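Student: Please take a close look at one part of this structure, the salt bridges, and walk me through them in one connected answer.

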Amino acid sequence: MVFPIAKLASLAVKQLSKPVARYCKEGAKRSPFFRRYICMPPAQIYHWMEVRLKMRILGLGKTKPGSVAQLNEQMATELGAEMLGEFIVFMVAGLTIYAEYWRQSQNTQIKEDTQNDRLKELEEKLLELQVVTEQQDTQIRHLDRLLAGLNPPQVTRDSNLQTVRHPGK
């Protein structure tokens with residue numbers, strides 16, 4: 001059946017994304033470009049937002065933009081690499097969900113198309129049967145007229161003095 005295979009494939013993709021994310025994190029820590037432009041800016045922004053939120057929750061007032069101390073390079077690199085790894089895992093999971101949704105919508109579309117084709121086929125057969133029925137009805141009326149013209153209807157009286165016509169007698 002397709003369903004368990006699709007589930008196993010999505011699970012495999014999710015499991016494979018974790019080592020890929022770990023490899024990207026390690027690469028980001030080693031590369032000065034990734035460290036400076038990819039890892040550190042989101043980590044510093046995250047740290048700044050986290051400190052401001054904690055200060056507001058604790059009721060210590062608003063913090064000025066420059067009052068939050070920045071993380072040192074090593075901590076910012078670690079936090080940014082972790083965020084990058086989590087982002088990769090999240091994106092893989094999101095893409096897997098989207099792929100499953102797309103597959104299900106394609107299956108649904110195929111089923112609807114099959115049902116529509118079957119309905120159209122049944123409607124065509126119904127129209128053909130209506131045409132045949134009309135032709136047979138026309139032929140029956142024509143035969144009735146021919147029979148009526150060959151033998152004039154005979155009138156008989158039954159016991160209640162009602163006139164009964166018998167077309168073929």
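Tutor: Partly exposed is used here for a relative accessible area between the buried limit, under 20%, and the exposed limit, over 50%. By that cut-off D137 is partly exposed, because its relative accessible area is 38%. The model is predicted. D137 pairs with R141 in a salt bridge, with 3.1 Å from N to O. R141 is partly exposed as well, at a relative accessible area of 42%. Both residues belong to helix α3 and stand four residues apart, about one turn of the helix.

Another pair in helix α3 is R118 and E121, three residues apart and so separated by about one helical turn. Their side chains meet in a salt bridge at 3.0 Å, N to O. R118 has a relative accessible area of 45% and is partly exposed; E121, with 35%, is partly exposed too. This pair does not stand alone: a network of salt bridges links R118, E121 and K125.

R103 and E100 also lie in helix α3, three residues apart, about one turn of the helix. In their salt bridge the closest N and O atoms are 2.7 Å apart. In total, the structure holds six salt bridges, among them R103 with E100, R118 with E121 and R141 with D137.

Helix α3 also takes part in the nonpolar interior. The largest nonpolar core has six residues: A21, A28, C39, A81, L84 and I88. Helix α3 (73-150) and α1 (2-30) each supply at least two of these residues, and α3 gives the most, with three.

Key:
Residues numbered from 1 in each chain as written. Predicted model: local features only at pLDDT ≥ 70, side-chain atom pairs only at ≥ 80, totals over all residues. Heavy atoms only, no water. Core = buried A, V, L, I, M, F, W, Y, C linked by side-chain atoms within 4.5 Å. Buried < 20%, exposed > 50% of the residue type's maximum accessible area, 1.4 Å probe, protein only. Helix = DSSP H or I, 4+ residues; strand = E, 2+ residues; numbered from the N terminus. Salt bridge = Lys/Arg side-chain N within 4 Å of Asp/Glu carboxyl O.
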